[in-house]
Amino acid sequence: MTALLAGALTACAAASSPHSAKDPTARARLDYATGEIILPLDAYNVLDTWQDQNTTFRPQQIALGSCMSARGQAYSAAHITDNPDSSIGHRQYGLWDVASAKRYGYFPPASAIKAAIEQDDSTQGAGWHSAFDYCNTHLPPQIAHLMPSNTETTMSIVPRLATEAFNEASADPLWQKAREKWWSCLRAAGLDPQTGANEWSSRQAQQILTNVDSSGHVRDPENEIRVAFEEAQCNDQTQLSQTLGNLEAAYQQPLIDQNQAALNVAKALKQKRLRTAAEYIAQHG
């Protein structure tokens, strides 16, 4: 009877946590050029890297330029390519790129494409805005289909597995241990860490970022740079982002192995979209 009870309990425990497998060899990659934290599931998501986003987004700008020109309107963004410095990157574990934080604080340089669109909009008049709205809703079908739907980005297999892995990782004792190590560093630097589950900055940062002028600019940029640098330096010194990224990767990899066939379908769709985008750029760019 005891053996049967033990077996039943073991089976029940296994059934209650079917995705608790962990691969300690899996790793996250911190990309300092774009500020991104690359996890294993990113290989299957068309919009999860700065480069893939730009490849997918570029045909839209080219098509908008053609459409706007046909309506006698300028569209400067059609001829602009953003610099990786404008990428805000991934900050799911707070600021971690020390050099970027020391140079820019919390805000990287503005996107040149966004700035060009805003400039045209503010100087070209109502006709420009009307043409822009029209062109945005009349993109060539092959361009419109490059962008995943909201359902795909939130409910398809890749985001679902990413959420499962995150939930497992954030419940792992190593997650809290890494955060506490980071908090200790922040306190030693004279900052007050916000310790809520979804908080990844100090109280000083929150105060700085809410003290902005009518244009949305931080009123105390020198203090912004100082606090951002301290936060990123503590993140780097305690290896917070690398540790938590590795932890998520460790829970992602078994899920990838279990769902490889379905993920291969997602990856094939990603590759098809990127090929279509690259071909359009080569032909029209």
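## The disulfide of Cys185 and Cys234

Cys185 has a relative accessibility of 13%, so it counts as buried. Cys234 counts as buried too, because its relative accessibility is 2%, and the cut-off for buried is under 20%. The model is a predicted one. In this model a disulfide joins Cys185 to Cys234, with an S to S distance of 2.1 Å. The two cysteines sit in distant parts of the chain: Cys185 belongs to helix 9 (residues 173-188) and Cys234 to helix 11 (residues 221-238), 49 residues apart. The torsion about the S-S bond is -80°, and the link of Cys185 and Cys234 is left-handed.

## The disulfide of Cys67 and Cys135

How many disulfides are there? The count is two. A disulfide is a covalent bond between the sulfur atoms of two cysteines. Besides the link of Cys185 and Cys234, there is a disulfide from Cys67 to Cys135, again with S to S at 2.1 Å. Cys67 is part of helix 2 (residues 50-70) and Cys135 is part of helix 5, so this pair ties together parts that are 68 residues apart in sequence.

The torsion about the S-S bond of Cys67 and Cys135 is about -85°, so this disulfide is left-handed. Are these two cysteines buried or exposed? Both Cys67 and Cys135 are buried. With the bonded cysteines of the protein chain numbered in sequence order, the pairing reads 1-2, 3-4.

## The chain as a whole

The protein chain has 285 residues, and 40% of them count as buried. Its secondary structure comprises 13 helices and two strands. Taken along the principal axes, the C-alpha atoms fill a box of roughly 85 × 50 × 25 Å.

Contacts can also be sorted by separation along the sequence. Among contacts between residues at least 6 apart in sequence, 73% join residues at least 24 apart.

## Helix 4 against helix 5

Helix 5, which holds Cys135, packs with helix 4 (residues 112-124) at an angle of about 135°, and the two axes are 6 Å apart. That angle makes helix 4 oblique to helix 5, because oblique covers angles that are not roughly parallel, antiparallel or perpendicular, and the antiparallel class begins over 145 degrees.

Which residues meet where helix 4 and helix 5 pack? From helix 4 they are Ile117, Asp120, Asp121 and Gln124, and from helix 5 they are Ala126, Trp128, His129 and Phe132.

## Aromatic rings

The count of aromatic pairs comes to nine. In one pair, the ring centres of Trp128 and Phe132 are 5.0 Å apart and the ring planes are at 10°, so the pair is stacked; the cut-off for stacked is under 30 degrees. Both residues lie in helix 5 (residues 126-136), four residues apart, about one turn of the helix. Trp128 and Phe132 are both buried, and both are among the helix 5 residues that meet helix 4.

Elsewhere, one aromatic cluster is formed by Tyr93, Phe166, Trp175, Trp182 and Trp200. Two lysines lie over ring faces: Lys102 over the face of Phe229, at 5.6 Å from the ring centre, and Lys267 over the face of Tyr44, at 5.5 Å from the ring centre.

## Thr56 in helix 2

Helix 2, which holds Cys67, is also the place of Thr56. The relative accessibility of Thr56 is 1%, so Thr56 counts as buried. What does Thr56 touch, leaving out residues up to four places away in sequence? The residues are Val46, Leu47, Leu146, Met147, Leu274 and Ala277.

## Asn223 and Gln239

Asn223 lies in helix 11, the helix that holds Cys234. Asn223 counts as partly exposed, because its relative accessibility is 24%. The C-alpha atoms of Asn223 and Gln204 are separated by 9.3 Å, and the two residues are 19 apart along the chain.

Where is Gln239? Gln239 is in the loop between helix 11 and helix 12 (240-258). Most residues other than glycine have a negative phi. Gln239 has a phi near 60°, a positive value in a residue other than glycine. The relative accessible area of Gln239 is 38%, so Gln239 is partly exposed.

Conventions
Residues numbered from 1 in each chain as written. Predicted model: local features only at pLDDT ≥ 70, side-chain atom pairs only at ≥ 80, totals over all residues. Heavy atoms only, no water. Phe/Tyr/Trp six-rings, centres within 6.5 Å; stacked < 30°, edge-to-face > 60°. Buried < 20%, exposed > 50% of the residue type's maximum accessible area, 1.4 Å probe, protein only. Lys NZ or Arg CZ within 6 Å of the ring centre and 35° of its normal. Disulfide = S-S within 2.5 Å. Axes fitted to C-alpha atoms, helices over the stretch in contact; angles between N-to-C directions. Parallel < 35°, antiparallel > 145°, perpendicular 65-115°, else oblique. Contact = heavy atoms within 4.5 Å.
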